[in-house]
Amino acid sequence: MNKQIEILEDVFNNFLGESNIFKNREALRHDYIPDYLPHREEEIRILGQILGPSLRGMLCSNVLVYGKTGTGKTAVAKFVINRLAAKANEIKSPLRVSFVNCRLAGTEYRVLSALCSSINVKVPFTGLALGEVFDRFKSALNSKRIVLVVALDEIDALIKERGDTLLYELTRINENLSKSKVSILGISNDLRFKDMLDPRVLSTLSEEEIVFRPYNAEELQDILKQRAEIAFKKGVSYEAAIKLCSAIAAAEHGDARRALDLLRVAAELAEREGKSIISEDHVYQAQKRIEHDRVAETLKTLPIHSKIVLLSVFLISKHKRKGLMTGDIYNVYCELCGEMNINPLTQRRVSGLINELDVMGLVNSRVVSLGRYGRSKKTTLGVPFKVVKEVFLEDERMRNMINYVPKYLNSIH
Ligand code: ADP
Ligand code: MG
């Protein structure tokens, strides 16, 4: 075969699923649950002990699981719940389980209808009041004798969007049930979740608590090794890559999801190059790619006024090269609004938006002393010019402003 035919052969084989790297890509996805979860024995045991009484038809304690993202909460909860359901089936126990992701469900209504469908109660997509659905849920539970274990993943999303009506009702449901019982397993990524809850709901929900701590670099390595063995073909060399992915993720906040993402993207880069070695360099490239995508995604979803504020900082940095004070940013912002036919917000609001952008890492603000004139804030762009430009060029309203030269900048030095 000549070189060019060889190249095409490789390219085509790629499309046909012939890969030098992957045996099973799925194993690196977020929702893949391996049948063994390294370094979570204790958490699995404790959760099993808490939920275990339900197998004998007894009410078990409600439990609140929390910890940062990527610490294995969803994986552990699903693992335990699945085993619990299998065991119940094996011993013919009247136990039902229901696992709902509250963020994906989106509304209290949909969370509740998911719970209903787990006990075979049909609810229309819309049209009923929440209270009506809840009554149907209760009367179905009252008509039989079951123990329902409800896992509410990303429960914080429910509270932030809607308040805690549903949780309030759920935590009190056993008072109104004569035959059946309901236990709740709540899972939250947000450590401040507890502060958002009505104290009565909190005390019922957190009869037991399990905190998932972040993984360290060695633990992440074990997690990645296990996945790599499933995902990659024999002979693929990935040891150095795994070490680096684990070190990077551990230095951030011990997030297994982050480590897996790095490994997956690095592996895809190696695959595209037709290599069977996933190198450290692939990992560094993957890190850049992921960071780029993350920033681009955040930029895209900003509200219009935040975009204009960010563009102001962008244009000032581009033409002056130095960070400027909030007042300067505000002047440029107003000028841009004028050009775009948009009513500007007050300086106070814009100052708040700058703070938000700072928290998201899109700009860097620091307070500087102006001697006897007091203090002010200097703000510079916190992300590469290139990403901002790329995203705004795709944005219909921002596109024309990206090369604009603010007149205000000529009036100052
Ligand atoms: P959380 O729900 O805490 O944000 P997840 O359970 O979704 O975290 O875990 C993120 C990813 O890391 C998932 O793909 C999961 O399979 C994997 N993972 C987390 N902990 C472990 C572990 N101990 N063993 C194997 N995989 C894990
Ligand atoms: Mg989760």
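The paragraphs below move from the chain as a whole to two pairs of helices that pack against each other.

This is a predicted model, and its chain contains 19 helices and 8 strands. Measured out along the principal axes, the C-alpha trace spans about 80 × 65 × 45 Å. Of the 413 residues, 47% count as buried, while the chain exposes about 21,800 Å², of which carbon and sulfur atoms supply 50%. When contacts between residues at least 6 apart in sequence are considered, 72% of them join residues at least 24 apart.

The first pair to follow is helix α2, which covers residues 41-51, and helix α3, which covers residues 73-90; their axes come within 10 Å and cross at roughly 45°. The two helices are therefore oblique to each other, and α2 passes α3 in a right-handed crossing. On the α2 side the contact is made by Ile 44, Leu 47, Gly 48 and Leu 51, and on the α3 side by Val 76, Ala 77, Phe 79, Val 80, Ile 81 and Leu 84. Sorted by class, the residues of this contact comprise 9 nonpolar and 1 polar, with no charged residues.

Further along the chain, helix α15 (residues 304-320) meets helix α17 (residues 347-359), with axes that come within 10 Å and cross at roughly 80°. That angle is why α15 counts as roughly perpendicular to α17. Here α15 contributes His 305, Ser 306, Val 309 and Leu 310 to the contact, whereas α17 contributes Val 350, Leu 353, Ile 354 and Leu 357. The residues of the contact between α15 and α17 divide into 6 nonpolar and 2 polar, again with no charged residue.

Key: Residues are numbered from 1 along each chain as its sequence is written. Chains are lettered from A and ligands numbered from 1 in the order in which they are written. This is a predicted model: local features need pLDDT of at least 70, side-chain atom pairs count only at pLDDT 80 or more; totals for chains, interfaces and linings use all residues. Side-chain values use heavy atoms; hydrogens and water are left out. Axes are lines fitted to C-alpha atoms, for helices over the stretch in contact, and angles run from 0 to 180 degrees between N-to-C directions. Helices (H or I, at least four residues) and strands (E, at least two) are DSSP runs, numbered from the N terminus. Angles under 35 degrees count as roughly parallel, over 145 as roughly antiparallel, 65 to 115 as roughly perpendicular and the rest as oblique. Contact means heavy atoms within 4.5 Å. Ala, Val, Leu, Ile, Met, Phe, Trp, Tyr, Cys and Pro count as nonpolar, Asp, Glu, Lys and Arg as charged, and the others, Gly among them, as polar. A crossing is left-handed if the near helix is turned anticlockwise from the far one by less than a right angle, and right-handed if clockwise. Buried means under 20% relative accessible area, exposed over 50%, partly exposed in between (1.4 Å probe, protein chains only). Accessible areas come from the Shrake-Rupley method with a 1.4 Å probe; for residues, only the protein chains shown count as cover.
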